[in-house]
Structure formats: C-alpha cells, structure tokens
Number of protein chains: 2
Amino acid sequence: MAGEEQDTEAKIKRAAEQVFLEYGYEGAKIRQIADAAGVNIALVNYYFRSKEQLFKSIYMENFMAFFGRIVMLLNEETPLEVKIWKIVDRYTDFILDNPLIPMFVLSESRNGGTFFKELHVREVIKSAYFTKQLQEEISKGAIRPIKPLHLIMTIIGNIVFPILARPIVSYIGDLDDDGFRQFMEERKKIVPEMVMAYLRPT
Amino acid sequence: MAGEEQDTEAKIKRAAEQVFLEYGYEGAKIRQIADAAGVNIALVNYYFRSKEQLFKSIYMENFMAFFGRIVMLLNEETPLEVKIWKIVDRYTDFILDNPLIPMFVLSESRNGGTFFKELHVREVIKSAYFTKQLQEEISKGAIRPIKPLHLIMTIIGNIVFPILARPIVSYIGDLDDDGFRQFMEERKKIVPEMVMAYLRPT
DNA sequence: TTTTATTTTAAACACTTGTTTAATTTCACA
DNA sequence: TGTGAAATTAAACAAGTGTTTAAAATAAAA
C-alpha cells in the first residue's frame, strides 16, 4: 500500500483542520486532534510547537480559501453581468462543498484574532480588476453607481448567510440535506437577478 | 443610592451575558463571569446550578431578541414595500445597537446546540401575516413569485452579514467605528431598493 | 554492525476548569 | 434580642487542559 499513508505531520494537520473547523479554537482539544490523527499527543507539539501555532496555520489556509476564491472570481476578465452570475454559481458550489469554512473564518476573527491582516488583503482588493471594471461601467452609465464593497458584501452575504444560519434555516423550512441544497440552488438564480435588477439604470 | 445596586442574581446574569456574547460558550469562564459581576464564583452555581444552564437561559433570551424582532417587523400590518423599507431600517438599528448578538446566536447553534427548537419558531413563521401578505401580492401580480424564506434570508442576510464579517469589512474598507456605521447606514437605502427592483414585475 | 539522528511513546507536570463543601455572615421575623 | 433561613465566602475537589520530559523505537549514516 505504498503512498496510501501520508506522513505524520500531514496526518495531524488534516485531523486538526477537521476538529478546529467543527469546534473552533476553544472547543478543539489537543487530545481530540491526536486521536483523530491516530498519534500520540506529544507529536502534535513535536511538529507544531503549540496549539496556537497549529491553529494559526490552519486559520490562514482557510481564510485564503474563503477569501482568495472571491478575489479570483472577481478578477476574471468577463463582462460584469456574466461575471456576477458566475460568481454566485461558483461560490455557492464552493461553500456547499466547504460548509464549515465561513463560520470558522468569521467567528474566529471576532476577538482580536485579526492575523488575516498579515495577508495584505486590502491591497489585493483595491488593486483588483473588478474595482476598475465596476468604475468603468458606472462611468459609461451602463449601471447605477455603487461602491465595490457594497456590491461584494451583497453578493457574498446572500450566498454565505444562509450557510451561517443553516441550522435555523433548515429547521424553519423543514429541510433535510437535499432540501437545503436545493434551497441554495434556487438562490443561484435569485441573487444575480436581484443584483442585476438593482444595477440596471431605470 | 437606593435602587442603584441590583440583586445578585441579576448582576450575575448581566455579567454572564456580556462574557458569553463576547467569548462564546467554550471561551467564557465561570471565574471571569464572577469577576465581572463582582461576586464569589460559588454564587454563580448557587443561583444557576451550572454553566450550561446559565448559558442556555442567556442563549434563549438572545435568540428571541434576534428572531422575535424579525417576526415582529414582518407581521406589522403595512403595505409590503413600506414594510420592507421599515424592516431594513429598524433591524439595522437593532443590530448596530446589539452587534454581538448575531454571531453569538448563529455560532452557538452550529454543533447540535439546537435548543431554539423549543421556541416553536417554525409555527410562528408559518402562521405569520407576512407569509399571507406575500402570497396575496403574488396572486395579484403586484410582485413576482418568491418563497417567503428566500425573501427573509435576503433581507436579513444583507443586514446581518456585514456585521458578522465586521473585522474583515472594517479592515478592507479601512473603516473606523464611525465609518462602519456609515457603511451600514448606506445599506438602509441599497438593500430595500435592490429587493424592490427584483420584486417589481417587468 | 555500530553510531548517530530522527521519530514516537508513556508518563508526568503545572495549571485551569466547573463544581461542591462546610463554615461564616447577613438578614428577616418572632 | 434571639432564632432560623438565606446569602456569601474561602477552600478544596476531581477532572481536563496544553505542554514537557526522558526514555524507547525506528530510521539513516558511518
């Protein structure tokens, strides 16, 4: 079975990611991570020095997955309306495949845990093609004026919020897993239509 | 100074609410709560039996504040468009006054912590006047068809999501407290306009 | 094989956790 | 004023926490 087993360090990291994503920093326990990885607890510190350092590396990766995906989609060189439809479609799929990432990334950034600043996210956004593209469309009078941050918040919020509120949404709508997925699929049509209805000049 | 000091039980509960809202269930420590209340740690269990029970009562109250406010606004007997403008305005103010509630309510409901089911929220929504009103407007052809849950998610998500992502939003937009508040004020106009632009038949 | 470095382990460490106990103080009321 | 219940406290408890240590097992190098 050559190649089936991965090296210990990767095994620990994979286990830690799963546990951190489900329970958060405070809720995750080193022993639980070690158990999930099938290794001795001392090995966790042997490879990663401390719980905090292990957490940080995992947080960074997930923040980049969460955020980098948005930036990537925003900067594709497609016409604005096509792009908006595509963002909603692709990002919804991404979030459905990784439903724990948004709550993890957002909830762990509330109490001073702002080491995402190290990633220079602001510069990435400001220099983004999307910002320029939006400004041009506004200048042409093709769409109504709106700040990029408002548009991004609207698009992403409409996709991500139902995931964050999923237990409540599923309960209220009486939805099982398939039902919830279908609910999200329906939003792939509603959200871009709503955004475009707003942007189109009257 | 009669009436200035409240009774011990209330003092503990107020302190616990503040600590739980900021740090979550796992992050909050009994000793921190007792310190914030200025009482001996044994008193916390004396009045509330256990951490879990204290947490639950606080969670329930905040869930009701978060959710009851929505239901209340949804069920006012005003024309639909007026109502949507009013919901966004009032709920934004509510959330700005209680910015920690959304993350608290949502993040603590991810891991099986689903005791909000005890509150019979589903029935409240289904029997809501809003649901009926929406159906009537659709039948009349006054607005385009949409499921109530989609409309509610869209409205609430557009208000609440920026609050959940506030550290990131503030960082990207380079906003201080006033700047963020102004950002939210701008949304009071954008969100209802977007929703109405979608709902109005072509 | 012998030697050296790397990896893994069992056990303990020092500290924090929620909770309980038993004694003390406070206070209403007879 | 004296009595008993309620409120409060210091201290301890048992279990759980992240981390470290020192020895053992494994792998690599000589």
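**An all-helical chain, its partner copy and two DNA strands**

From the N terminus on, the elements of chain A run α-α-α-α-α-α-α-α-α-α-α. The secondary structure of this chain thus comes to 11 helices and 0 strands. The model is predicted. Taken along the principal axes, the C-alpha atoms of chain A fill a box of roughly 65 × 40 × 40 Å.

One stretch of chain A carries a record. The UniProt annotation "domain: HTH tetR-type", from an unreviewed entry, covers residues 6–66 of chain A. This span is 85% helix and 0% strand. Its end C-alpha atoms lie 25 Å apart.

Two helices of chain A were examined as a pair. Two packed helices are described by the angle between their axes and the distance between the axes. Here the pair is α2 (residues 30–37) and α3 (residues 41–48) of chain A. Their axes come within 8 Å and cross at roughly 95 degrees. Angles of 65 to 115 degrees count as roughly perpendicular. α2(A) and α3(A) are therefore roughly perpendicular to each other. On the α2(A) side, the contact is made by A:Ile30, A:Arg31, A:Ile33 and A:Ala34. On the α3(A) side, A:Ile41, A:Leu43 and A:Val44 take part. By class, this contact has 6 nonpolar, no polar and 1 charged residues.

Chain A also meets chain B. The contact takes 43 residues from chain A and 43 residues from chain B. On the side of chain A that touches chain B, the elements giving two or more residues are α1 (8–27), α6 (101–107), α7 (121–126), α9 (148–164), α10 (166–172) and α11 (177–199). Of these, α9(A) gives the most, with 10 residues. The residues on this side of chain A divide into 23 nonpolar, 11 polar and 9 charged.

The relation between the copies was then computed. Two copies of a chain are related by a rotation about an axis and a shift along it. A rotation of 180 degrees with 0.0 Å of shift along its axis superposes chain A on chain B. The RMSD is 0.0 Å. The two copies are thus related as by a two-fold rotation axis. The same surface serves both copies: 100% of the contact residues of chain A recur in chain B.

Both chains also approach DNA. DNA strand C is surrounded by 16 residues. The closest are A:Asn40, A:Ala42, B:Ala42, B:Ser50 and B:Lys51. Elements that give two or more residues to the surface near strand C are α3 of chain A, together with α2 (30–37), α3 and α4 (51–74) of chain B. α3(A) gives the most to this surface, with 4 residues. By class, the surface near strand C has 8 nonpolar, 4 polar and 4 charged residues.

DNA strand D is likewise surrounded by 16 residues. The closest are A:Ser50, A:Lys51, B:Thr8, B:Asn40 and B:Ala42. At least two residues of the surface near strand D come from each of α2, α3 and α4 (51–74) of chain A and α3 (41–48) of chain B. Here α3(B) gives the most, with 4 residues. The residues of the surface near strand D divide into 8 nonpolar, 4 polar and 4 charged.

Methods
Residues are numbered from 1 along each chain as its sequence is written. Chains are lettered from A and ligands numbered from 1 in the order in which they are written. This is a predicted model: local features need pLDDT of at least 70, side-chain atom pairs count only at pLDDT 80 or more; totals for chains, interfaces and linings use all residues. Two residues are in contact if their C-beta atoms, placed from the backbone, lie within 7 Å. Ala, Val, Leu, Ile, Met, Phe, Trp, Tyr, Cys and Pro count as nonpolar, Asp, Glu, Lys and Arg as charged, and the others, Gly among them, as polar. Axes are lines fitted to C-alpha atoms, for helices over the stretch in contact, and angles run from 0 to 180 degrees between N-to-C directions. Angles under 35 degrees count as roughly parallel, over 145 as roughly antiparallel, 65 to 115 as roughly perpendicular and the rest as oblique. Copies are superposed by least squares on the C-alpha atoms of residues with pLDDT of at least 70 in both. A residue is near a molecule or strand if its C-beta atom, placed from the backbone, lies within 6 Å of it. UniProt positions are given in the numbering used here, feature names are shortened, and annotations may be inferred rather than shown by experiment.
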